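Please read the following walk through a protein model with the coordinates open beside the text. The account moves from the chain as a whole to its pockets and then to a few single residues.

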Amino acid sequence: FAGTAHGREATEKQLWGVESVSYERSRKLLRETEAAVRLLGSSGGALDFSGLDTVAVESAINCVSGGSVIKGQEAMAVVSLMLFVESLQVTIRAAMKQDEDSHNLLLPLTETILDAVVSKLLVKSIQDVIDDDGSVKDTASPELRRYRDQVQALESRLCQLMDKLIRNADNEASLSEVSIVNGRCCIKITGDKSSSFDGLLLSSGSDAGSMIEPIIAVPLNDELQGARALVVRAELEALSKLTDKILLELDNIQILMQETVTLDKVTARARYSIAYDGTLPDLYLPNIEHGIVNAAKDEPASTTSSAQLTKRPWKLFIPNAYHPLLLQQHQENLRRTKKDVASATAEIRRRRIYGQDIAEEDQLASELDFMKIRVSELERNHPIPVDFMIAEETTVLVITGPNTGGKTISLKTVGLASLMAKIGNWNNEVEILSLF
């Protein structure tokens, strides 16, 4: 659910560090997730991190800080980051103005990124020099434009010369086409006869033919090579000047990068929570606080009402809990089968429009009916949730039953729900009042 490579890496790192997370840290992580859920609800599109190339941004930071010249694509990745943060700041401020509750909830999560400085001047400087594809623009410097014009003129003259040589050849069957060898324009000869012009043999082979650089083209090729070297030097000078400007804003760029990755990590937890219809867990430390959770959405199978259940302190109160991997597998299977139904329906419609192969259409229709039945079965056979209510005075819980996997799944559900809550994840249809 993370949008960037660094966001995924940070999320995985947090998962492996669950044992060192304190009670206070867990509460903070859960508040962050709650804030991100709120922000996604008001402006989900603004939190799409998938368009950011954080690997290229990191490479740009290392390159500039190490004294090297930045590459065009790295510079554009920095521009994308800055423009994204600028747009995000506008979205967050709008969300915080909705009401005081939104302001208080979002402020701890977004305060740092709201304070981050986005240099519009640097963005313009990069965009003036680098094109969207990462190449250096002709307008980067007058010298670059002049050298590129020279290259274009020389290439045109060489093409005309080669075309003339081929057309004037005594044996046209022995000549093939104009080719480039190590940046030099030459003629590829595929026949057995020798060429009708003097030239230098650059390469040869029985299958590939012979690459001949006409003597008359040597001065132009030499001049072209020199012009191309001047273009490379002019591009390097433009990128070097741009690197100096980025170096002045390097600290701010590093902050933007760090805060964006942090927000991507938090948003990943929020997206997961929304995707699986999670509920904000409530953690407490025994003998310190005895908060009371709301009644579960579905009352547990018991003669005691939910209101009565929540009036007493619990070590663990998890009604309607799903094993997250079972729920994920079920949703993926259902989504994939519905997609197959849509594809088969579209194919049948296309065949009817163009009158194609009625026999195959009947087979597709039969397969479509089977897919629809499969969708109905998946919708009916939803994973079964488990209710866990362990009273505060309980010290031992014994689970018995046949060896069909139910006991193991139930225990793993509790373990995963607790670990997920500890690192700030909402849980699948679960409300927790849990021993930390």
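Among contacts in the protein chain between residues at least 6 apart in sequence, those that join residues at least 24 apart make up 73%. The model is a predicted one, and its protein chain holds 13 helices and ten strands. Of the 436 residues in the protein chain, 42% are buried, while the area that the protein chain exposes comes to about 24200 Å², with carbon and sulfur atoms supplying 51% of it.

The pockets come next. Rolling a probe the size of a water molecule over the atoms shows where empty space is left. The largest pocket has a volume of about 570 Å³, and 19 residues line it, of which Leu15, Tyr272, Met420, Ile423 and Asn425 are the closest to its centre. Helix H1 (5-16), helix H9 (250-275), helix H11 (324-354) and helix H13 (406-422) each contribute at least two residues to the lining of this largest pocket, and the largest share, five residues, belongs to H1. Seen by domain, the lining of the largest pocket takes at least three residues from domain 1 (5-137 + 236-277) and at least three from domain 3 (278-286 + 311-323 + 384-435). Seen by class, the lining of the largest pocket consists of 13 nonpolar, four polar and two charged residues.

What is the make-up by class of the lining of the second largest pocket? Six nonpolar, five polar and eight charged residues form that lining. The space in the second largest pocket amounts to about 330 Å³, and its lining is made of 19 residues, with Lys28, Glu32, Pro108, Leu109 and Thr262 lying nearest its centre. Helix H2 (23-43), helix H5 (100-115) and H9 each supply at least two residues of the lining of this second largest pocket, and H5 provides the largest share of it, eight residues. H9 thus appears in the account of the largest pocket and again in that of the second largest pocket.

From the pockets the text turns to backbone geometry. Most residues other than glycine have a negative phi, and most peptide bonds are trans. Asparagine 182 is not a glycine, yet it has a positive phi of about 50°; this residue sits in the loop between strand E1 (175-181) and strand E2 (184-189). Is asparagine 182 buried or exposed? Asparagine 182 counts as exposed because its relative accessibility is 71%, and the cut-off for exposed is over 50%.

Asparagine 320 likewise has a positive phi, of about 60°, although it is not a glycine. Its place is in strand E7 (residues 314-321), and asparagine 320 counts as buried because its relative accessibility is 9%, where buried means under 20%.

Asparagine 320 also leads to phenylalanine 388: the two are 68 residues apart in sequence, and their C-alpha atoms are 8.2 Å apart in space. Phenylalanine 388 belongs to strand E8 (residues 386-391) and is buried, with a relative accessible area of 10%. Which residues is phenylalanine 388 in contact with, leaving aside its neighbours within four places in sequence? Its contacts are Leu316, Phe317, Ile318, Pro319, Leu397, Ile399, Ser410 and Val414.

Note on methods: Residues are numbered from 1 along each chain as its sequence is written. This is a predicted model: local features need pLDDT of at least 70, side-chain atom pairs count only at pLDDT 80 or more; totals for chains, interfaces and linings use all residues. Side-chain values use heavy atoms; hydrogens and water are left out. On a 1 Å grid over the protein atoms alone, a cavity is a set of points where a 1.4 Å probe fits but cannot get out, and a pocket is an open set with protein on both sides within 12 Å along at least five of seven lines; lining residues have an atom within 4 Å of a point. Grid points are joined across faces, edges and corners, and a volume is the space filled by probe spheres set on the points. Helices (H or I, at least four residues) and strands (E, at least two) are DSSP runs, numbered from the N terminus. Ala, Val, Leu, Ile, Met, Phe, Trp, Tyr, Cys and Pro count as nonpolar, Asp, Glu, Lys and Arg as charged, and the others, Gly among them, as polar. Domain bounds come from an automatic or database domain assignment. Buried means under 20% relative accessible area, exposed over 50%, partly exposed in between (1.4 Å probe, protein chains only). Contact means heavy atoms within 4.5 Å. Accessible areas come from the Shrake-Rupley method with a 1.4 Å probe; for residues, only the protein chains shown count as cover.
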